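Biologist: I am new to this kind of picture and would like to learn how to read it. Could you take me through it step by step?

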Amino acid sequence: MTQDELLLGHAQMQADIAEQIGIPPHEVEPQESLVDLGLDSIQVMTLLMKWGEKIEGLDFSRFMEAETLEEWWAIAEAAQTGPAAGKAAVR
Amino acid sequence: MKQLVSQSQGYPAAARPLCDTQDGIWYAQRRDPGSPTFMTGQALWLEGPLDRAALARAVDQVCAEAECLSLRFAETAEGPVQWLEPGGAPRLAFRDLSDDPTPEASARAAILAEAQAPVDLRAGPIAGFTLWTLAPDRHVLSERIHHLAADGYAMVLITNRIAALYNAFVTGSPAEDGFPPYEQAIEAEARYRDAPKREKDRAYWLEALKDLPEIEGMAPGDPVASAWFHRHEVALGTDTLERLRRVAADTGLSWPDVLCALSAAYTARCLPPVPGQEGAPREVVLGVPLMNRMGSKAARVPSTLVNVLPLRLVVDEEAPLADWLKESGAAMAALRRHGKYRGEALRRELGRLGGQRRLHGPLVNVLPFDATPKLAGLDSQLQILGAGSVDDITFCFRGDGQSLLVQCDANPALYSKATTRGHAARLAAFLENALSADRLLDLPTLTPEEHQRHVTTRNATDHPVPETSLAALTEAQIAATPQAPALVFGAETLSYAELDRRSISLARRLAARGIGRGDTVAVALPRSVALILALQAVMRCGAAYVPLDPEDASARRADMLDRAAPKLILAEADFDAAASDAPVLPPEDWDEGEEATPEGPRPGDPAYVLFTSGSTGTPKGVVIEHGAIVNRLLWMQAEYGIGPGDRVLQKTPATFDVSVWEFFLPFLSGATLVVAPPGAHRDPVALAGIIRDQQITVLHFVPSMLALFLAAPAAKGLAIPKVFASGEALPVTLARQFHQVITGRLHNLYGPTEAAVDVTFREGQGDEPGASVPIGTPVWNTRCYLLDDRLRPVPDGVTGRLWLAGRQLARGYLGQPELTAERFPEDPFDPGARMYDTGDLATMAPDGTITYQGRADFQVKIRGVRIELGEVEDALARTGLVAQSAVLALPDHAGRDRLVAYVIAQEGATPATIRDALSSRLPAMMMPAVIVPLTAFPLNPSGKLDRKALPAPQAEAASPVRPLAPGAESRLGALYAEVLGLSRVTPETDFFAAGGDSLMAVRLSLRIEEVFGSDPGLGTLFEAPVLCDLARRLEQQGAAHDDGLGPVVQLSSGTAGPKLFAIHPAGGIAWCYRGFAAHLPGVDLVGLQSPLLDPAAPLPADLDSLARAYCDRIEALAPEGPLYLMGWSLGGIIAHAIAAEAEARGRHLGLLALLDAYPSQCWRDEPEPDEGAAIRALLAIAGHDPDAYPKLVSREDILGFLREAGHPLGHLPRAVQQGVVRSVQQTNRLVRSHRERPVRARVLHVHATRDHAGTGRSPQLWQEHCGGVDVLDLDCHHSDLVSLVQIPEITREIRDFMQSSREDVAAPPQA
């Protein structure tokens, strides 16, 4: 499965985060601290609710633990391609 | 990480200090060790077939994974520590309630009881899990964890993990990874502590909070943590949730932020009014708990990380709501970006440690992550039991996206159950309304039901009262009982008929002078029959009387006369009418002149004009009509059954409105008026005599006078059926005292002069909750409203401004229509009627009872008399001697309010000249008790006078500060001085005001335990931080009385650590080493004191025999292992002699520390101190440099100085003082004949370098008497070595020595 075939892609995540904070997507640099960018835990929750509609098994606390988009992407990607990926909702 | 304690003390080697996240909880728990409020708890109710074995397995596995559940905590002298106790996690407990007739109710009660049980933090376990079986398919899993180990989110993590493991076990699917190690939380904190971001965050906060105002609460009183809390929950409807989402989407805020901002707006509605800020946007400072987990490796670690930070929001009710929400959202985002900086650190740095100095008001906690965990095959429901301490009030929103619960937790010390319920319901209603409002201004505070209750139900006081006048009522009574006694003054008694004859006679003469309806007559007579006749006559002729103080000849009285423009003055012949045109008619001329038939008053005519203090500088004349005062008097007659047989004492000056019912009620009810002689109202003994002799049944006291009266032995046992108190708040303690002293009933009345004396009433039983007896509920035909700045009724329990309406309102202020219009505006709840702004603050209880809470402006009451501070300031300005002034009412040392004037004097003016000039302008009751000259006034950041920063008036203090009393106070004084590092303490020293913080408080409490033998507990110290109070409590607790003068004095808490013996210096007392104990953790510091302190003890032959005796004592206490010795000054020589003796006995020396001691050869040729010099040595023993006080020579001078300095030596019994002098002389004698024996051990010499230049005294002189000298040079004086400044340096060296010696000799406990 390539990235384009995933239900939640990297670019989509970046755009969604940017929308939550209210900044252009390119300012969400993959290695920037999301807290310093102004993202709060409620927004994380909102994002996960949105993404949870596309894929199952996204663990809120894992996202909380991660500091950057890069780390978030690793979690999201694993959820879609790893052993538990069978749970991904089929659309 | 720094290791603090060793195995030998019972702590594991891995114990480490608490995290910043835990400190605040620790100290709060330490203050109240038995309180369960720091237990976080929840219960998961489970319906369906439960696999109990699988759940037990899941819980046990979580207990193993969540390391925080194995934490243990202990206190050390260096501060609290924590460690992970192997095998220290709890096990799941099982309780079967299936045989219980009401299993559910029993389980609820038992789970709550479990949640409220405190835990032993040191012994553990600090968490617990219980599975309750209610029925085969009904269970509850209860969980409890101390807040030091887990915050609310940690609880969620743990519960969710239990559910996940259970599901994995029962479905046979694999479970995900467990929790990261606890260490990860500690590391995350350490990383932040060293990160540049922390400094940036700190700078942000200090800037953001630099002008943080004093935090006001929604309920009056200081927020002091209680053991538990009231809770009320209200679920918000789904349509509200829908609207909340829409508002959030429209404003770009998250829904939790919308809730938080609106909660701030609600809070603003519940804050007490600020004088001078009416109608201005209100700032609210909320406490906002942040999870403090996002983007952190600690995010998934069960631990306590939550951080409460202050959120400042200015609530602009007039702005479009969406705009204001956006602004608030930005403030919340900024807070979060700096959300790692600890709230506890801010409290410390800003001195906002609690009580009235706190960092924030109500907590608003939005928890959107509270989805109930799902267990396979079961229905579950989550119940939150406790989530940490509730100091004030916490609004918690729990939601999972589908539903939302408003949970209001409140401190029972501040909020009743009903008030808590009210806040929860009202906040829910406020939110629902706000979510469809355009502006906050349009929202009511109260629900419609509450509004109806406040405005109408509680004011349903309609009662028929005839439209008549005092004159008509009195005349009716005269006709009914002409022969009854009406008036008694001294030996004179007038019947009603005589009263009638003499008063109508004067009234007719007044009428003949053309005086009648609409006129005023001034009355300035002392208490007498003439005074009563004058008032009756003025009233009967139809005029209004204006009482004036016959003894007040100030410019103020002249002004009143001028404005009242009386037609006549009834006064003694020598009355100074100043510029008034009115003639003076003295009593001796009353029987002369023409007579005419008086017309008499009508109900709408003025009955009297009373002047009260005015804030603009001139007194205001309050005009009361007959209809108003008739309502008041007939109500009182009916309410208290006053009638024939009652004897009413008249003792209130006529210028004070209480006198009005004393003067007139008896004559319209058939009672007898007994007039007290002039001056008697101030003399408790004379009053008691009159009450007893005249069989008084009704009288009035201002509470401060009642307190004086009850304190007089003559009052004891009096029977007075009806006693009325008004004019000031009536303290509950005073009401209680009343019932102990007097047989009778006590009634608390309240009312301003502007509403015909009193408008509310309530009996004082002395068992009321709170500090003062409520002022009660309204009298007949009277309405009371508690309103906010925008004239909206405030909720029950919330402070509002008290407005009055109804029949008793005054006509207004004489000749001041504008002021009248301002203070008597239209009643918004009763169109066409007026209401009056009392300027008083009050609260209403859910039963409608009103309690007075203070003033909304600068009016004060001194001994019951209303005084506008502005009027006194104006009078000061008019003296021309003062450039600027501020007058305050401040309590004196006995707690009674008096006026204090702060002035910036014009050149040449002094407090004395100002006082002289002022006395011709003000009556005595308005004169400041103290005038404090200042060169400048303290200003607050906005440039206004900062009244709170004015210095306490000490220059003119009536009584000088007394020295410390012998006994507990002196001993405690020494500890205050030691812990606070003060050179002088007084009985009034307040531990916290003098710089004490929580850590120092813990230290003080440990030291008190050492010295007094019992620990008063931090709670006691926080309750009674003033030295003399705490000393009294310690005495009451029956603390062991160790005078600290025995041969051995315990200087630290006597743990199992190695003993370090500190040998007394010349004076024989070893107290000077006390300060060392705190810096020698794990060392048992023991002082050896001289037997010579006991005057009966024999004199030792030489120093070596003394040393042998000491060595015996030491060996008895430390039978094996190396010996550790230290001695300051001559104590060093003795320590060395003991060391020689010990080595001769085969003991090994682990430490021989000589603090600025020099061998005996240095002293051999010095003269022995005579008695004078020996006494002066007391100064040195007390830590003062004797050379600095050459004038202190005599014993009395020196002891007096030490007492004043707060040093316990000043309070030693005389025999012991003799013993000290004897010890100084004898020790010096012994030293001079001493020859040092060699010691093998090395000496640690602490050298005070400033005192020995040119004397030949040098540390190296010890070289020939020991195995080598290590020198610590300190740039200080000899006496400084036992001061708190040098002790840390010295003890560091001592610790190192002791440590290395232990490593040499014994195997270290940990390699």
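Modeller: Happily; we will go through the interface, the salt bridges and the nonpolar cores in turn. Please keep in mind that this is a predicted model.

Biologist: Let us start where the chains meet. How many residues does the contact take from chain B and from chain A?

Modeller: Chain B gives 21 residues to the contact and chain A gives 19 residues. About 1,800 Å² is buried between chain B and chain A, and carbon and sulfur atoms give 62% of that area.

Biologist: And what of the charged and polar pairs there?

Modeller: Here is the general idea: side chains of opposite charge can pair when their charged atoms come close. Between chain B and chain A the count is three salt bridges. Four residue pairs are in polar contact across this interface, both residues being at pLDDT 80 or more. Helix H4 (152-171) and helix H9 (321-337) of chain B each supply at least two residues of the side that touches chain A. That side of chain B divides into nine nonpolar, four polar and eight charged residues.

Biologist: How many salt bridges are there over all chains?

Modeller: The count comes to 69 over all chains. Take Glu65(A), in helix H4 (residues 60-65) of chain A, and Arg300(B), in the loop between strand E9 (282-290) and strand E10 (307-315) of chain B: their pair therefore joins two chains. The two side chains meet at 3.2 Å, N to O.

Biologist: Are Glu65(A) and Arg300(B) buried or exposed?

Modeller: Both Glu65(A) and Arg300(B) are buried.

Biologist: Could you show me a pair within one helix?

Modeller: Try Arg193(B) and Glu189(B), whose closest N and O atoms are 2.8 Å apart in a salt bridge. They sit four residues apart in helix H5 (residues 183-194) of chain B, so about one helical turn separates them. Arg193(B) is partly exposed, at 39% relative accessible area, whereas Glu189(B) is buried, at 13%. Salt bridges can also share partners: Arg269(B), Glu317(B), Glu318(B), Asp788(B), Arg790(B) and Arg792(B) are joined in this way into one network.

Biologist: Which residues touch the most other members of the largest nonpolar core?

Modeller: They are Phe397(B), Ile629(B) and Trp661(B), in a core of 154 residues. Beyond its neighbours within four places in sequence, Trp661(B) is in contact with residues including Leu633(B), Met636(B), Val698(B) and Phe724(B). Another core lies apart from this one and has 82 residues, among them Leu47(A), Leu48(A), Leu50(B) and Ala54(B).

How values were computed:
Residues numbered from 1 in each chain as written. Chains lettered and ligands numbered in written order. Predicted model: local features only at pLDDT ≥ 70, side-chain atom pairs only at ≥ 80, totals over all residues. Heavy atoms only, no water. Contact = heavy atoms within 4.5 Å. Buried area = accessible area lost by both parts, 1.4 Å probe. Salt bridge = Lys/Arg side-chain N within 4 Å of Asp/Glu carboxyl O. Polar contact = N/O pair within 3.5 Å; in protein donor to acceptor, adjacent residues only side chain to side chain. Nonpolar A, V, L, I, M, F, W, Y, C, P; charged D, E, K, R; others polar. Core = buried A, V, L, I, M, F, W, Y, C linked by side-chain atoms within 4.5 Å. Buried < 20%, exposed > 50% of the residue type's maximum accessible area, 1.4 Å probe, protein only.
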